[in-house]
Amino acid sequence: MTDKPTPEPAKTESGTSRRKFIAATAGATAAASALPIESYAQVAGSDEIKVGMIGCGGRNSGAIVQNLTANDSARLVAIADAFQDKIDGTGPRGQGLPIIQKQMEKNGSLKQVDVPESRQYAGFDAYKEVIDQVDLVCIATPPGFRPIHFEYAVQAGKNVFMEKPVCVDAHGYNRIIEAAKVADQKNLKVVVGLQRHYQNVYLEAFKKVHEEGLIGDIVSAQCWWNGSRPWIIERQPGWNEMTYQMRNWYHFVWLCGDHIAEQHIHNIDVINWFVSGDSAMGGHPISAQGMGGRAGTEPLTVGEIYDHHYVEFRFGPEHNNVVMNSQCRQIKNTWRRVAEEIHGTDGILYLAEGKITDLKGNVKWQHRLPRGEKDPNPYDVEHEMLHKHIREDIPINNAYYGAKSSFTTTLGRLATYSGQEITWDEAVKSDFSIMPEVFAFDAEAPVQPGPDGNYQLAIPGEWPLPWKA
Ligand SMILES: NC(=O)c1ccc[n+]([C@@H]2O[C@H](COP(=O)([O-])OP(=O)(O)OC[C@H]3O[C@@H](n4cnc5c(N)ncnc54)[C@H](O)[C@@H]3O)[C@@H](O)[C@H]2O)c1
């Protein structure tokens, strides 16, 4: 994909666009932080829910519409992105405010979008301006930033919808878990965009496995996200290294976590969920080993992520020492499959097909709807559930399982990059971080290409584990 060069926003010291910085939010901030903990949920009783948007790309442009549609009393009042042109919808893979306005107008609900220029913020710190003045925030930036944004939202006492993955390193994982505990104390409602948890076929299958015992005891699991690269943003003249990496974030580990995190998380998360049998807290394997690399034709000038990973994850004795084989590949013209499969002593669950067979292939259960009926869209349901839990003041916090599944993908990446077997405990305890200390467009990017313009791939057997480097 090509895209046009875009001038960077004029920045303040904090990285926030000068043009947008002026909106006075100090009052709202002070009011929010002055609330006693038990009052944070009182948005449940008020008529209007002020919604904020952080990250104005593809996902959030849809998520915001879904969020507003789930509750007539929700109003989008403030938005932030690292780049002004993503807010305006004129940047690479343009979406942003115009798309949201168009969709809400089509739905006859344009009045729910109230974002004058004074409440649009650009830059690395723009998220604070938004969070400070809303009741609920929808976060869909590259996942490297998620722990920072989530932690800030929780500290400010705001309800959260955040996209997966929620972290790309151990420090991020630990921050999310700690912030999740604070969110519980403050009675905040948190939904994570692992939408299979809100999808009927998965929910029904979970009951068949855990309430009706249709597959017996789980012994192993297999999952795939095999397809092709979703997008590449070409480097433009005038972009410095930080700008290129921020624009082409999918291809840099500190921002994206590699595609085992970015996309394959959905499948890995399902296996964690079904093997643990815990829909609220989730679960995770205790070790991983695997292999991966770059086997396709994508030039090394694009970025540093692999194009395939194959990981053997092992769960602990409390989960019957189940083995999960996970494969993800993004190479054109190769076998495609996005699915999860779970084998038990009495049957096999094929989630993509919504069916359970016995070990000989005879169908024991098939997800079917009456003629003419359709399952609800899980992307809608997750927002309906968030608003319902806020309105009725029912606890909900997906951050725990979101963090465990996100860090499972990190564990897999560490295994394929290093070629070593990695344990969950050592990786979590290391608290390693791959995020830069300074966020600014003129700061040094965490990785640099060589003189030939190529990025260095991790070489198994040589790549040092971050806490041993
Ligand atoms: N659940 C799903 O099915 C699903 C589908 C698509 C994307 N997603 C997730 O949503 C997230 C975003 O993906 P996308 O496809 O919308 O990407 P995108 O590139 O279209 O949008 C991300 C936006 O975040 C902005 N951004 C980057 N850093 C920022 C920062 N520090 N502060 C504020 N804004 C920042 C970018 O400029 C960009 O506009 C990813 O984590 C992705 O995995 C989930």
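This passage describes the domain arrangement of a predicted model and the surroundings of strand β4 within it.

The domain assignment of the protein divides the chain into two parts, each built from two segments of sequence. Domain 1 covers 18-196 + 384-399, and domain 2 covers 200-373 + 404-430. The C-alpha centres of domain 1 and domain 2 are 27 Å apart. To the contact, domain 1 contributes 17 residues and domain 2 contributes 25 residues. On the side of domain 1 that touches domain 2, the residues comprise 11 nonpolar, 2 polar and 4 charged.

Strand β4 spans residues 136-139 and pairs with two other strands, β1 and β5. Strand β1, residues 49-54, runs parallel to β4, and the pairing involves 4 bridges. In this pairing, Val51 is placed opposite Leu136 of β4. Strand β5, residues 159-162, is also paired with β4 in the parallel sense, again over 4 bridges. Here Val137 of β4 has Val160 of β5 opposite. The connection from β4 to β5 includes helix α7, residues 146-155, and the three elements form a right-handed β-α-β unit.

The side chains of a regular strand alternate between the two faces of the sheet. In β4, Leu136 and Cys138 point one way, whereas Val137 and Ile139 point the other way. Leu136, Val137, Cys138 and Ile139 are all buried. Of these residues, Leu136 is the one opposite Val51, and Val137 is the one opposite Val160.

Terms used: Residues are numbered from 1 along each chain as its sequence is written. This is a predicted model: local features need pLDDT of at least 70, side-chain atom pairs count only at pLDDT 80 or more; totals for chains, interfaces and linings use all residues. A residue is buried if 20 or more other C-beta atoms lie within 10 Å of its own, exposed if 12 or fewer, and partly exposed in between; C-beta atoms are placed from the backbone. Two strands pair if DSSP finds at least two bridges between them. A crossover is right-handed if, with the strands pointing away from the viewer, the path from the first strand over the helix to the second runs clockwise. Domain bounds come from an automatic or database domain assignment. Two residues are in contact if their C-beta atoms, placed from the backbone, lie within 7 Å. Ala, Val, Leu, Ile, Met, Phe, Trp, Tyr, Cys and Pro count as nonpolar, Asp, Glu, Lys and Arg as charged, and the others, Gly among them, as polar.
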